[in-house]
Structures are given as C-alpha cells and as structure tokens.
Amino acid sequence: MDKTLLLLLGLLAAVGAAVFVFLPTHPSTPVTTGTPIVRTSAALPSVDGVIKSGEYSGQTVIGDVEVNWATEKDALRVGLKSPGAGWVAIGFDPATMMDKANIILGAVVNGAVVARDDVGTGLFSHAPDTSSGGQDNLLAAAGRESNGETVFEFAIPLNSGDPADRPLAIGQTVKVIVAYQATSDDFGERHTRRASGEITLTAP
Ligand code: HEM
Ligand SMILES: [Ca+2]
Ligand SMILES: [Ca+2]
C-alpha cells in the first residue's frame, strides 16, 4: 500500500470518528407519536383555533395556562392558551396526580393541529385511549400558534361512554390538571410546567 492511500484511509477514519463523537446522543425529537387527529366539525364552527371574547362562559388561569370552557347539550368545548410553542393539555377528574384523568392533548405542528384523547395510565404517565381498547372521542379540534403562544380548542362528549374516559355532567365541579411544553410538540415529552385547579360545568 502506498503512503497516499494510507494517508487517505487514515483521514477517512478520523472523519468517521469525529462524526460519531459529535452525533447527538438522543435521536432528534420525533413528531408526535400516536394517531394524529385533525378534525373540524361543521356543527361546532367556533372550534377554529381562536378564542373570541364571549365565546366561553367559564374562564380561569391554571399555572400560566388560560382555560376557557362552555357546555353544549351533550358536549364540552374547551379553549386553552399556553405561553409555549409545544403541546398543551388538560386532564379531567384525575384520581391521583395524572392517573385516570381524561387527558386531551393538542399541538400545532407546521400550522396544523394534532390532537389526541388520552388517559392517565399511572401517577406520571398517559397513553392514547385507543391503546387500551378505548376510543378517540374528540368531536372537533383546532389550534393556532403565534408569537410563542399556542391556542388549542376542542370539543368532547360530556359522557363518551368510553370506559377510558371519566364521565362529566352539567353542574359538576371537576378537578382538572393542565400542562404544557415550551418547545416540544412530542406528546411523549414531559411538561415544562403543570398545575391543577377546578372548573364548574354550568348549564349551557
Ligand atoms: C409524557 C408526558 C408526561 C410525563 C413524562 C409526565 C411526568 C410527570 C412527572 C415525572 C411528574 C412528577 C414531577 C413533577 O411534578 O413534575 C408529573 C406530575 C404532574 N403531571 Fe405530568 N407528565 C406528563 C404529561 C402530563 C400531562 C399531559 C398533564 C396534564 C394534562 C400532566 C399533569 C401533571 C400534574 C398535574 C402533575 C402534578 C401532580 C401532583 O403533584 O398532584 N402531566 N408528571
Ligand atoms: Ca380520554
Ligand atoms: Ca375516549
């Protein structure tokens, strides 16, 4: 083997080693896992990714997420606004911490909403209802992200009939948990901030 070839091989090996060393240890964040749902419902034209004044009968701030809600005959509409560009979520009626809560997550990915109907599967975990034989019961979802803030609007049945969801009723005061991610749209990524509060489901 002549010297030039050896030199070339050595150079190649060095470049290879450098690339290996500088590769990130984690694979790049995958786009939201699970089945993405992008839906709007003609019956719910207000689920459009914009929270207008007077659109919701209830409003509160939990953590630093604005939570808006209103009941329909058999449904609950919710509008969340987070100070982050990643996912935002609300969980209804947890048993302990995140466990058993009916968790609805949303993210705006390249201008389109991705939403999922989950359930708290443990103190610090959640999974799509569909992964435990349940159904995704989102009736509508829409979202908008601008200036590092995310608006996520959705509607769910008050009582979906899905054993993975906890039934809600008009008149009920329900514990809710709220969380958001500052940067990641990956539903598998832990919250930047989380908090809990209460909302009362007054009649429409
Ligand atoms: C894969 C996503 C998630 C992971 C890995 C995760 C993990 C955790 C962990 C480790 C804690 C305890 C430490 C802490 O307080 O930060 C926690 C607490 C909490 N999480 Fe999550 N979480 C996730 C998603 C969510 C979602 C979507 C919500 C709400 C809709 C949520 C709501 C909460 C709340 C309210 C607490 C405090 C519970 C309490 O102290 O009573 N989490 N989570
Ligand atoms: Ca659910
Ligand atoms: Ca469900």
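This is a short talk on one predicted protein model and the metals, core and empty spaces in it.

Okay, hi everyone. Please keep in mind that the model is predicted. Let's start with the overall layout. The protein chain has one helix and 11 strands. If you read along the sequence, the helix comes up front and the strands follow, in the pattern α-β-β-β-β-β-β-β-β-β-β-β. There are 204 residues in the chain, and buried ones make up 44% of them. Now look at contacts with a separation of 6 or more: 59% of those are between residues 24 or more positions apart.

Now the metals. I'll take the iron first.

Which protein atoms hold the iron atom of ligand 1? They are the SD of M98 and the NE2 of H191, at 2.0 to 2.3 Å from the iron. The site has six donor atoms, and with angles of 87 to 179° among them it is octahedral. For comparison, the ideal angles for six octahedral donors are 90 or 180 degrees. Where do M98 and H191 sit in the chain? M98 is in the loop between β4 and β5, while H191 is in the loop between β10 and β11, so this pair links parts of the chain that are 93 residues apart.

Are these two buried or exposed? The cut-off for buried is under 20% relative accessible area. M98 has 16% relative accessibility, so M98 counts as buried. H191 is at 21%, so H191 counts as partly exposed.

Next, the calcium ions. Ligand 2 and ligand 3 are both calcium, they lie 3.8 Å apart, and D117 bridges them.

Take the calcium ion that is ligand 2. Its protein donors come from N102, D117, D118, D129 and D165, with D129 giving two OD entries, and they lie 2.1 to 2.9 Å away. For D118, the donor is the O atom. Along the chain, the spacing of these donors reads N-x14-D-D-x10-D-x35-D. What about the geometry of this site? It has six donor atoms with angles of 47 to 158° among them, and the site is irregular. N102 lies in strand β5 (residues 102-109) and D117 in strand β6, so that pair ties together parts 15 residues apart in sequence. N102 and D117 are both buried.

Now over to ligand 3, the other calcium ion. This one is coordinated by D117, D129, Q135, N137, D162 and D165, with D165 listed twice, at 2.2 to 3.0 Å. Q135 takes part through its O atom and N137 through OD1. The donor spacing here is D-x11-D-x5-Q-x1-N-x24-D-x2-D. N137 is in the loop between β7 (125-128) and β8 (140-146), and D162 is in the loop between β9 (149-157) and β10 (173-180), so the pair ties together parts 25 residues apart in sequence. N137 counts as buried at 12% relative accessibility, and D162 counts as buried at 4%.

Let's leave the metals for a moment and look at the packing. In soluble globular proteins, nonpolar side chains tend to be buried together. Here, the largest nonpolar core has 27 residues, and L76, L80, F92, F152 and F154 touch the most other members. Several strands give two or more residues to this core, including β2 (65-71), β3 (75-82) and β6 (112-122). Which strand gives the most? That's β10, with four residues.

If you want one residue to click on, try F154. Leaving aside neighbours within four places in sequence, its contacts include V47, L76, R77, L80, F92 and I104. Apart from the largest core lies another, of 12 residues, among them A89, M98, I103 and I177. You've met M98 already, as a donor to the iron.

Last topic: empty space. The largest pocket holds about 540 Å³ of space. Its lining has 24 residues, and M98, L123, I177, H191 and R194 lie nearest the centre. So both protein donors of the iron, M98 and H191, turn up in that list. β10 supplies the largest share of the lining, four residues.

How many cavities of 30 Å³ or more does the structure hold? One. The volume of the largest cavity is about 30 Å³. Its lining includes N102, D117, N137 and D165, and D117 is the residue that bridges the two calcium ions.

That's my tour, thanks!

How values were computed. Residues are numbered from 1 along each chain as its sequence is written. Chains are lettered from A and ligands numbered from 1 in the order in which they are written. This is a predicted model: local features need pLDDT of at least 70, side-chain atom pairs count only at pLDDT 80 or more; totals for chains, interfaces and linings use all residues. Side-chain values use heavy atoms; hydrogens and water are left out. Donors are N, O and S atoms within 2.8 Å of the metal (3.2 Å for Na, K and Ca); water is not among the atoms, so sites may look incomplete. Buried means under 20% relative accessible area, exposed over 50%, partly exposed in between (1.4 Å probe, protein chains only). A nonpolar core is a set of buried Ala, Val, Leu, Ile, Met, Phe, Trp, Tyr and Cys residues joined through side-chain atoms within 4.5 Å. Contact means heavy atoms within 4.5 Å. Four donors count as tetrahedral if all angles lie between 85 and 135 degrees; four count as square planar and six as octahedral if opposite donors are over 155 degrees apart and all others between 65 and 115; anything else is irregular. On a 1 Å grid over the protein atoms alone, a cavity is a set of points where a 1.4 Å probe fits but cannot get out, and a pocket is an open set with protein on both sides within 12 Å along at least five of seven lines; lining residues have an atom within 4 Å of a point. Grid points are joined across faces, edges and corners, and a volume is the space filled by probe spheres set on the points.
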